[in-house]
Amino acid sequence: MTTFSRRGVLGAFAATMVTAAPTMSSAFGLLKGAGDIRRIRMYNGRTGESLDTVYWIEGEYIPEALKEVTYFARDWRTNQLKTLDARTIDIAAAAHNLMDINEPYLLLSGYRSPKTNAMLRSRSKGVAKHSLHMEGKATDLRLKSRSVSQMFRAASACHAGGVGKYSRSNFVHMDCGPVRHWGA
């Protein structure tokens with residue numbers, strides 16, 4: 001197995017246009033010929049942190065980059081983290097690629113501790129008791145340059161997990177659970 005350092009990867013691909021494709025079997029053909037590099041760009045308004053990382057090269061995830069994404073998507077309320085499932089990252093990256101934009105996602109929620117999930121659930125009917133956020137398998141994302149409907153359609157086109165449309169709250173939920181869609 002070849003080992004890549006983050007510096008080496010970023011240096012080698014700094015001027016390279018990158019693309020992403022989902023990993024689920026039903027989505028393999030989505031971006032045929034898209035290349036062997038996957039990248040995710042996000043901003044967290046709660047922590048002020050930004051993330052722009054190549055996390056997959058030539059058929060292999062980069063463990064250091066996945067750890068960086070996991071830390072970025074931690075429960076900021078409790079500072080707890082759980083490994084963010086790479087399949088969820090793939091769905092978000094593929095949807096981003098389909099929208100053909102450079103703007104990073106605004107991450108509203110990644111991993112949620114059971115304590116945070118219970119608190120949010122007490123405030124909103126839209127929070128699931130057994131949320132995939134608690135398993136590190138879901139993200140809630142927003143973009144300034146795209147509508148919730150555009151994001152929803154792009155994520156749904158991946159046919160690779162759950163996609164929830166939250167128009168009134170202005171975000172889209174993406175997860176690597178069973179393929180399903182909801183929201184108005």
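Strands here are DSSP runs of at least two residues in state E, and helices are runs of at least four residues in H or I; both are numbered from the N terminus. The views below all come from a predicted model.

**View 1. The sheet: eight strands in an open arrangement.**
The model contains an open sheet of 8 strands. Their order across the sheet is β3-β2-β1-β4-β5-β7-β6-β8. Pairing is mixed. The two edge strands are β3 and β8. Each has a single partner strand, so one side of each is left without a neighbour in the sheet. Strands in a sheet pair through backbone hydrogen bonds, in either a parallel or an antiparallel sense.

**View 2. The β1-β2 hairpin.**
β1 and β2 run antiparallel and are joined by 8 bridges. M42 can serve as a landmark: its bridge partner in β2 is L51. Between the two strands of the hairpin sit 4 residues. In this turn, G48 has a positive phi of about 80°.

**View 3. The β2-β3 hairpin and E58.**
β2 (49-57) leads on to β3 (60-61). The pair runs antiparallel, with 2 bridges. I57 faces E60 in β3 as its opposite residue. This hairpin has 2 residues between its strands. E58 lies in that loop, between β2 and β3. Most residues other than glycine have a negative phi. E58 is not a glycine, yet its phi is positive, about 45°. Is E58 buried or exposed? Its relative accessibility is 59%, so E58 counts as exposed, the cut-off being over 50%.

**View 4. D100, a positive phi in the loop between α3 and β4.**
D100 is placed in the loop that links α3 and β4. Like the residue in the previous view, D100 is not a glycine, and its phi is positive at about 50°. With 62% relative accessibility, D100 counts as exposed.

**View 5. Helix α2 and its buried side.**
α2 spans residues 63-72. Its buried residues are A65, L66, V69, T70 and F72. They lie on the same side of α2, because they cover an arc of only 165° around the axis. What covers them? Among the elements in contact are β1, β2, β3, α3 and β4.

**View 6. The β4-β5 pair.**
β4 and β5 run antiparallel, joined by 3 bridges. S109 stands opposite D140 in β5. Both residues return in the views of empty space: D140 is among the residues nearest the centre of the largest pocket, and S109 is among those nearest the centre of the largest cavity.

**View 7. The largest pocket.**
Rolling a probe the size of a water molecule over the atoms shows where empty space is left. The largest pocket holds about 800 Å³ of space. Its lining consists of 32 residues. Nearest its centre lie R112, D140, Y166, S169 and F171. Which strands contribute at least two residues each to the lining? They are β4 (105-109), β5 (138-142), β6 (162-166), β7 (171-175) and β8 (180-183). β4 gives the largest share, 4 residues. By class, the lining is 12 nonpolar, 11 polar and 9 charged residues.

**View 8. The largest cavity.**
The whole structure has 2 cavities of 30 Å³ or more. The largest has about 70 Å³ of space. It is lined by 13 residues. R74, W76, S109, G110 and Y111 lie nearest its centre. β4 again supplies the largest share of a lining, here 3 residues. The lining residues are 5 nonpolar, 4 polar and 4 charged.

**View 9. The second largest cavity.**
This cavity has a volume of about 30 Å³. Its lining is made of I40, M42, L84, T88, I89, A92 and T139. β1 (37-44) and α3 (86-98) each contribute at least two of these residues. α3 gives the most, with 3 residues. M42, seen earlier opposite L51 of β2, is part of this lining. How many charged residues does the lining have? There are none; 5 lining residues are nonpolar and 2 are polar.

Conventions
Residues are numbered from 1 along each chain as its sequence is written. This is a predicted model: local features need pLDDT of at least 70, side-chain atom pairs count only at pLDDT 80 or more; totals for chains, interfaces and linings use all residues. Side-chain values use heavy atoms; hydrogens and water are left out. On a 1 Å grid over the protein atoms alone, a cavity is a set of points where a 1.4 Å probe fits but cannot get out, and a pocket is an open set with protein on both sides within 12 Å along at least five of seven lines; lining residues have an atom within 4 Å of a point. Grid points are joined across faces, edges and corners, and a volume is the space filled by probe spheres set on the points. Ala, Val, Leu, Ile, Met, Phe, Trp, Tyr, Cys and Pro count as nonpolar, Asp, Glu, Lys and Arg as charged, and the others, Gly among them, as polar. Buried means under 20% relative accessible area, exposed over 50%, partly exposed in between (1.4 Å probe, protein chains only). The arc is that of the directions from the helix axis to the C-beta atoms. Contact means heavy atoms within 4.5 Å. Two strands pair if DSSP finds at least two bridges between them.
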